[in-house]
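Here are some notes on the model you sent round, set out as numbered points. They begin with the pocket and then turn to the packing of the interior.

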Amino acid sequence: MLKKFTSVRFILSVFLFVSVIFAAYSVYYKIEYWGFSFMPKTNTNVWTIEAHISFEPTGDPIKVSLTTPRSNDAFKILEENVIAPGYRVNKNQSASRLILSAPAQEKPQDIYYKIMLFDNVSTKGKIWAPQPEAPQPPLFDEQKMAAARQILELSKKKYDGDRVVQIIKLLNESPLEPAVQAYLPIKNTPQMMVEIISELLALEKIPARPARGFKLEESKKALTPDLMLEAYINNSWRVYDLKTAKKGVPDNFILFQRGGKSLIDVEGGENSVIKFSVLKSVTSSFNLAEQRAKISDSKSWFDYSIYSLPLAQQNTLKWLSIFPLAILVIVLIRNIIGLQTMGTFTPMLLAMSLVKTGFWPGMFCFAIIMTLGLSIRFIMSKLNLLLVPRISAVVIFVILIMQVLTITGYRLNFNIAQSAVFFPIIIMSWIIERASITWEEDGPLNAGREIIYSLIAAIATYFVISSEYIRHIMFAFNELNLVILFVVMLLGTYTGYRLVELKRFRPLVKG
């Protein structure tokens, strides 16, 4: 017999270890790739960037080319829409540009492009990419080449940091060095600054390109993209501020365009204007889990999970997912502590009722129903009815008691009484019948002890399953129920003393 239990425990321990490994990996995967969290009601910011393009047609066929954000690890694309009636829309994935074409038009044109982004993260200015080809040196005459070399040497002497930081700081000095002032144009724009810095970096064989983006702030309209510089340093594209030379993408900043000469090109139109607006919305992380699963190539796994079901069915399974934990609590109370309750899972069902009613309203209604029900049961015991009719009569009386409590509570605006409808009728009737039988066979002391122990087990289970955090974790990471299964089975091999039995056998220990 000992060998039998030892082998069973060993097998169950192996299964428990495997289930723990599987649950740990599944929890990690859901957090990393599906965006799940241990915190309930976790929300995700969804940013909507809308571009409004307007221009006047010239009478020629129209072609509009717009730069769009390129998918990367800095954010995820939830949705991308174009509102352009009468236009043919094509997406150039390699160049990350949207191409719209239409025949000649007469009226002023309005085109809207909207993209919804989420899970934007700080890349700290380091966006990995394969090394591009070395830039071609600019075609300068001897005088301009000498001036450019002089600026490069001057920046290296005056400032620390990488070459990009040195050049930007030198070009933004106040007052400017005479050599720098002579090199820069009289009217200097950000676009010219990007071109000048890129040419100087090309002499150092450092690839550089313009970058445009937006600071994600709520309800910002008529925005102009901020122009920055990207340079390829140490196997990654680093973003630099054109005025401060500060490295890194600013917080909550999305790079809308990386590289390319222009943000928008319009053929067959004139006086083109593009305006951007940014709008923030908040949604539950669970609502975006399917999109995250699709991006992480685990859509098939998600489709066969409970999170793909309709919301009503998810709510039902959410309560079922907490049952194994409630069962574990009851098993610990009965097999380890040793409390004798009325039935195995009656306390668990009472605990679920307390969660629905609230603790104190539920306790009040339970006391009233038990008191009146036991009183009626003792009166009926004098009639010598058969078992089935007697239990059926108790069920009917319990229903009448619940109806009276509910109506009274409604009329007196007494919400505690209205909680009676959440108690399971059959369970309450069975408890009353079981308590009365125990009273008759073993006396009132044993009957009262079973009622109290059942109530203690129900209260302990209630405080475990009433936590919103625990309910969320058991639903979001329902593979933990597999671990609970093997823990319960291992407890089934326990043959030692219960805690309440230690006091009973203490005199033997002393002897």
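1. The model is a predicted one, and the largest pocket in it holds about 610 Å³ of space. Its lining is made up of 26 residues, and those that lie nearest the pocket centre are Ser284, Phe286, Gln314, Lys318 and Phe475.

2. As for the elements behind this lining, α6 (289–295), α8 (311–320) and α16 (468–476) each supply at least two residues, and α8 gives the most, with five. Sorted by class, the lining of the largest pocket comprises 11 nonpolar, 10 polar and five charged residues.

3. Turning to the interior, the largest nonpolar core contains 29 residues, and Ile49, Phe55, Val64, Tyr87, Ile111 and Phe256 have the most contacts inside it. At least two residues of this core come from each of β1 (43–57), β2 (62–67), β5 (97–102), β6 (109–118), β12 (253–258), β13 (264–267) and β14 (269–284), with β1 providing the largest share, five residues.

4. Where does this core lie with respect to domain 1 (44–118) and domain 2 (126–265)? Both domains give residues to the core, so it lies between them.

5. Ile49 may be worth viewing on its own: once its neighbours within four places in sequence are left aside, Ile49 is in contact with Tyr113, Lys114, Ile115, Leu117, Phe214, Leu216, Phe256, Phe276, Ser277 and Val278. Apart from the core described above lies another core, of 28 residues, which includes Val164, Val180, Tyr183 and Met193.

Terms used:
Residues numbered from 1 in each chain as written. Predicted model: local features only at pLDDT ≥ 70, side-chain atom pairs only at ≥ 80, totals over all residues. Heavy atoms only, no water. Core = buried A, V, L, I, M, F, W, Y, C linked by side-chain atoms within 4.5 Å. Buried < 20%, exposed > 50% of the residue type's maximum accessible area, 1.4 Å probe, protein only. Helix = DSSP H or I, 4+ residues; strand = E, 2+ residues; numbered from the N terminus. Domains from an automatic or database assignment. Contact = heavy atoms within 4.5 Å. 1 Å grid on protein atoms, 1.4 Å probe; cavity = no way out; pocket = protein on both sides within 12 Å on 5 of 7 lines; lining within 4 Å. Points joined across faces, edges and corners; volume = space filled by probe spheres on them. Nonpolar A, V, L, I, M, F, W, Y, C, P; charged D, E, K, R; others polar.
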